[in-house]
Amino acid sequence: MAGTPGNSGRVTGPHGGMPVDKAAIRDAATVIVVRDGDSDDPRVLMGQRGAKAAFMPNKFVFPGGAMDHGDRHIPLAADIPPPCRERLQADGGAEVWQALCAAATRELWEETGLILGCPGTWSGEVPPDWQSFAASGHVPDASALSFVFRALTPPGRPRRFDARFFQVAAEALVGDLDDFSRASDELSHLQWIPLSQVRRFDLPFITEVVLAEVAANLRSGTRPETTPYFRNDDEESLFLQLHGRPMAGRD
């Protein structure tokens, strides 16, 4: 979600909120929506980032973005199931795992106009970022999400994110899967891309890695016992595994 340029490398948060340090690592949520997952050639929902975007310009990506402060206070109709919940809580995620699920739902709504939720009414004041979602008559529901990947953006990039990738079956969404009329303009060319054709598009490296993991899981038809974690820091890049407990170490 875009902010307003400020001083000292900071941007003003959404709706004039607290300034955001552009150099800081921000928690983020990305949603991989899989359509026709049981078919010979499942499709995934992707869109193209703008040419002037500070992060990954022109690239085709999944819907997603940084977690907002307000996401910490969003009640979920249902939580993400275990063992994904335990893996989200591992390695510093205990305080934000619910907010990440909320952020995934909000970003999917904002960038595609598709709803991951169930019918319901909100009590109390609705945060500004959630008012349009609430107006649809739904409350967020994380029970269909699966936590499938985690990646930390390498140092030296204009933005750094600790991104959790969630997978969800398109059948769990509400409404017409081909209607993107309520989407914001953050992603263009929204479309369902067959996995057999997706590498013809201009993809970020990490997106290619995640797609390979998703494709392997779909082929196996089983739930993976671990969640991969691609961690980039100032010293080295590591592939780790989250087992519902703190990181187990190198593969």
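Here are a few exercises on the side-chain packing of this predicted model, each with a worked solution.

Residues are numbered from 1 along each chain as its sequence is written. Local features need pLDDT of at least 70 and side-chain atom pairs count only at pLDDT 80 or more, while totals for chains, interfaces and linings use all residues, and side-chain values use heavy atoms, with hydrogens and water left out.

**Exercise 1. Classify the ring pairs that Trp-130 makes with Trp-122 and Phe-133.**

Start with the rule: rings of Phe, Tyr and Trp (its six-membered ring) pair if their centres lie within 6.5 Å, and planes under 30 degrees apart are stacked, over 60 edge-to-face, the rest tilted. That rule gives 7 aromatic pairs. Now take Trp-122 and Trp-130: the centres are 5.8 Å apart and the planes sit at 45°, so call this pair tilted. For Trp-130 and Phe-133, the centres are 5.4 Å apart with planes at 75°, so that one is edge-to-face. Zoom out, and Trp-109, Trp-122, Trp-130 and Phe-133 form one aromatic cluster. Last step, burial (buried is under 20% relative accessible area, exposed over 50%, partly exposed in between, with a 1.4 Å probe and protein chains only): Trp-130 has 1% relative accessibility, so it's buried, and Phe-133 is buried too.

**Exercise 2. Find which ring face Arg-35 lies over, then do the same for Arg-150.**

The test is NZ of Lys or CZ of Arg within 6 Å of the ring centre and within 35 degrees of the ring normal. Arg-35 lies over Trp-192, 5.1 Å from the ring centre. Arg-150 lies over Tyr-229, at 4.3 Å.

**Exercise 3. Work out why Cys-101 has no disulfide partner.**

A disulfide here means two cysteine sulfur atoms within 2.5 Å. The closest cysteine sulfur to that of Cys-101 belongs to Cys-84, and at 8.9 Å it's too far for a bond. Searching the whole structure turns up 0 disulfides. As for burial, Cys-101 has 0% relative accessibility, so it's buried, whereas Cys-118 is partly exposed at 22%.

**Exercise 4. Place Cys-101 and Leu-145 in the largest nonpolar core.**

Such a core joins buried Ala, Val, Leu, Ile, Met, Phe, Trp, Tyr and Cys residues through side-chain atoms within 4.5 Å. The largest has 40 residues, and Cys-101 and Leu-145 are among those touching the most other members. By element (DSSP runs: helices H or I of at least four residues, strands E of at least two, numbered from the N terminus), α2 gives the most, 9 residues. Finally, beyond four places in sequence, Leu-145 has contacts (heavy atoms within 4.5 Å) that include Ile-80, Cys-101 and Phe-166.
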